Structures are given as C-alpha cells and as structure tokens.
Amino acid sequence: MVLAGAAVAALAAGALTATTANASQETPTAKTLSADSAARLATKVTSQIKGDAGSYYDAAARKLVVNVTNQAAKEKAEAAGARARIVEHTMAQLDSAKDALTAKNIPGTARAVDVKTNKVVVTADKTVKGAALAKLEKAVKAQGGKAELKRTDGKFTTKIAGGDAIWGNGGRCSLGFNVTTADGKPGFLTAGHCTTAISSWSDSQGGQEIAKSGDGKFPGNDYGIATYTGDTDHPSEVNLYGGGTQAISGAGEAQVGQKVTRSGSTTQVHDGTVKAVNASVTYPEGTVNGLIQTDVCAEPGDSGGSLFAGDKALGLTSGGSGDCSSGGETYFQPVPAALDALGAKIG
C-alpha cells in the first residue's frame with residue numbers, strides 16, 4: 001500500500017532452485033501439454049494416487065511432473081502421461097509441517113511447499129532477528145528434513161496503489177480485473193488491503209469518484225471488491241502498457257512452473273514463474289494464507305494488480321519483497337477464491 005507520508009518497501013529476493021534425489025528420467029509416454037492441460041491432468045492423476053506428493057509444470061519441456069512416494073504410484077502416473085519422481089514426503093506431511101510453522105505467527109516470514117525440493121521453504125526477511133530468529137530456527141529444525149530456512153535482504157510488505165492506477169484518499173492501488181458483482185452490477189477486484197483502507201476510488205489523483213469499496217478481507221485473505229458508481233468503461237481486459245491489452249475470458253488456477261504475467265500501475269508489465277501455491281505470508285498487519293508465490297517483481301503501487309496467463313485471471317498482487325531493479329518475489333491472492341467468496345464473476 002502506498003499511503004501519504006509512509007514509505008513502503010518492495011518484494012523477496014531469490015528464486016528457489018534445487019533438485020530432488022531419486023528423480024526419474026523422462027519416460028517415452030510423457031505427454032506434451034499446455035499449462036491448462038497439465039493442470040487438468042494433475043488434478044486427475046494426484047486424486048488417484050495414495051500419498052500424493054504434489055506436481056508441477058515443466059514449462060520448458062511442456063511436461064507435467066508428478067511427485068510420488070512409491071514405485072506403484074510412479075507407474076500409475078507415468079501410465080497417465082506424466083513424468084514421475086519418487087520423493088520422501090507426501091503433500092499431506094508437508095502441508096502439516098507448513099501449518100505448524102505458520103502457527104508460530106512470526107512477522108516478516110513466509111512459508112510455502114516447494115514441490116521441486118519436496119520441502120517447506122520458510123523465508124525470513126531482514127526484520128527477523130534475535131529471539132524471533134532463534135524461535136524460527138528451532139521450529140524449522142523440529143520439522144526434520146521436511147523444512148528449510150532461507151533469508152532475504154528485503155522486507156515483506158503489502159503494496160497498495162489489472163494494471164491501471166486507482167486512487168483514493170491518501171493512497172494508490174492497481175485495478176485487478178473487472179467483474180460483475182453478486183447483485184449484477186459492474187465492479188472490479190483489487191487487493192483487500194486496498195479496499196479495507198480506502199472507501200472511494202478515482203481513476204486519477206484527486207479526480208471524481210468512479211467506484212466505492214465493498215466487501216473484502218485482509219488479513220487472512222487479501223481480496224476486495226469495488227462497485228462502479230460513475231459511467232466508466234470497464235472492459236474485461238488487462239492493460240499491457242505500450243498500447244496493447246490482454247482480453248480476459250475467465251479465472252484459472254495457478255500451477256507451479258507456469259509462466260505468468262503481472263500488470264501494475266507502478267512497474268507496468270513483468271513476467272515470471274509460479275514457484276508455489278498455498279503459500280502463507282506474515283505481514284506486519286497479520287498472516288495471509290493461500291497465496292500464489294512467484295519470482296515476478298513488483299513495487300509499491302502495484303498492489304491489487306493483475307496476475308494472468310493468456311486470457312485467464314489468476315491472482316491479485318498482495319505483497320512481497322525486493323523490487324524491479326534488483327529482482328524480487330511477489331505473492332498473489334488467487335482470483336477463483338476471491339470470486340467464490342464475493343459471489344462475483346469475471347467480465
């Protein structure tokens with residue numbers, strides 16, 4: 001959030017990269033898939049495997065990779081057209097470890113299951129030190145090989161202000177996606193930390209009102225909705241800056257490994273990759289769960305902006321650390337969950 005008289009930092013640094021021992025080689029039967037097709041296959045395959053250990057999309061090879069914990073499950077995944085890797089921990093075990101670490105509620109930390117390393121990665125920002133750091137190190141160690149601790153030089157913050165700037169009294173956010181509200185009126189989605197702080201919106205600084213904030217949630221989640229009050233054009237598209245737009249036809253679920261694009265009013269358009277889903281971040285204001293973790297950069301003013309892949313709306317910019325000069329890590333509120341909670345639909 002960008003508020004008058006307040007300086008706000010950006011997102012977390014460093015993409016997470018590693019490999020897991022016992023990774024199998026690609027099988028001849030592995031299908032070449034689009035990200036959407038891989039997501040559908042992942043849902044089908046993991047639901048049929050006992051002890052599911054998660055999956056991710058290898059965008060370079062255009063293959064679905066499924067983690068399994070035994071040979072029988074490996075054979076089943078490969079028969080369905082996926083690549084399979086035998087790993088140590090099930091997704092249920094990793095989710096349990098992540099929940100236990102989230103319950104520690106230490107500000108300046110984020111937690112996500114990294115399916116590529118088959119571990120929960122806990123990231124601590126520069127504000128975590130002394131007794132808080134010792135407490136965190138002890139908690140991570142207690143999870144044995146299921147968790148690891150990483151540091152970032154940045155500071156986890158929310159970022160107020162798909163792309164176009166929206167202005168309120170004392171702050172600026174970015175519009176996420178235009179929607180139809182539960183009562184059939186035109187409106188837009190943005191971050192919850194925007195709508196809970198600002199009640200009236202304009203499309204220019206000091207301009208006439210175009211929308212009023214409605215329901216939203218922050219912390220816990222980070223979504224908000226505003227209803228248009230003026231005669232404002234509201235196409236279902238995202239500003240790509242430089243003269244172009246991307247039409248948005250509906251919402252989609254982000255998948256690990258998927259290539260994504262973010263549009264925001266401060267740094268405009270940047271690309272990256274989904275690193276984790278169902279991540280938890282403890283901001284100074286409280287913990288937000290169920291976030292999409294990416295290596296896309298963002299800066300203050302980009303909050304609420306659009307994360308998308310092709311014509312599918314994926315997320316709303318929540319926060320992170322770093323910036324678009326040195327690189328960063330950004331977290332997004334998933335759009336499908338926001339639409340379900342608000343009773344809204346894209347368009």
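A residue counts as buried when its relative accessible area is under 20%. By that cut-off Tyr228, with a relative accessible area of 11%, is buried. Phe188 is at 0% relative accessibility, so Phe188 counts as buried too. The model is predicted, and every value here is computed from it.

**Overall dimensions**

The chain holds six helices and 25 strands. Its C-alpha trace spans about 65 × 50 × 35 Å along the principal axes. The radius of gyration is 20 Å; a compact globule of 347 residues would have a value near 20 Å, so the two agree. Of the 347 residues, 53% are buried. The accessible surface amounts to about 14,100 Å². Carbon and sulfur atoms account for 47% of that surface.

**Aromatic pairs**

A search of the whole structure turns up three aromatic pairs. Two of them are set out below.

| Pair | Centre to centre | Angle between planes | Class |
|---|---|---|---|
| Phe188 and Tyr228 | 5.5 Å | 65° | edge-to-face |
| Phe218 and Tyr283 | 6.3 Å | 40° | tilted |

The edge-to-face pair links distant parts of the chain. Phe188 sits in strand E12 (residues 186-190), and Tyr228 in strand E15 (residues 223-228). The two residues are 40 residues apart.

Why is the pair of Phe218 and Tyr283 classed as tilted? The planes of its rings stand at 40°. Stacked needs under 30 degrees and edge-to-face needs over 60, so the rest count as tilted. Phe218 lies in the loop between strand E14 (209-217) and E15. Tyr283 belongs to strand E20 (residues 268-283). The pair therefore ties together parts that are 65 residues apart in sequence. Phe218 and Tyr283 are both buried.

**A three-stranded sheet**

Three strands form an open sheet in the order E2-E3-E4, with mixed pairing. Strand E2 (55-58) and strand E4 (83-86) are the edge strands, each pairing on one side only. From one strand to the next, the twist averages 25°.

E2 and strand E3 (residues 63-68) run antiparallel, joined by four bridges. Within this pairing, Tyr56 stands opposite Val65 in E3. The hairpin of E2 and E3 has four residues between the strands. In this hairpin, Arg62 takes a positive phi near 60°.

Is E2 covered on one face or on both? Both faces are covered. Ser55 and Tyr57 are buried on one side. Tyr56 and Asp58 are buried on the other.

**Helices across the sheet**

Two helices lie across strands of this sheet. Helix H1 (residues 35-47) lies across E2 and E3. H1 runs at about 25° to E3. Helix H2 (residues 71-79) lies across E3 and E4. The angle of H2 to E4 is about 165°.

**Tracing the sheet in the model**

Edge strand E2 is one place to begin. E2 leads through its hairpin to E3, with which it shares four bridges. E4 then completes the order E2-E3-E4. H1 can be found across E2 and E3, and H2 across E3 and E4.

Terms used: Residues numbered from 1 in each chain as written. Predicted model: local features only at pLDDT ≥ 70, side-chain atom pairs only at ≥ 80, totals over all residues. Heavy atoms only, no water. Pairing = 2+ DSSP bridges. Axes fitted to C-alpha atoms, helices over the stretch in contact; angles between N-to-C directions. Contact = heavy atoms within 4.5 Å. Rg over C-alpha atoms; globule rule 2.2 N^0.38 Å. Buried < 20%, exposed > 50% of the residue type's maximum accessible area, 1.4 Å probe, protein only. Areas by Shrake-Rupley, 256 points an atom, 1.4 Å probe, with all protein chains shown as cover. Phe/Tyr/Trp six-rings, centres within 6.5 Å; stacked < 30°, edge-to-face > 60°.
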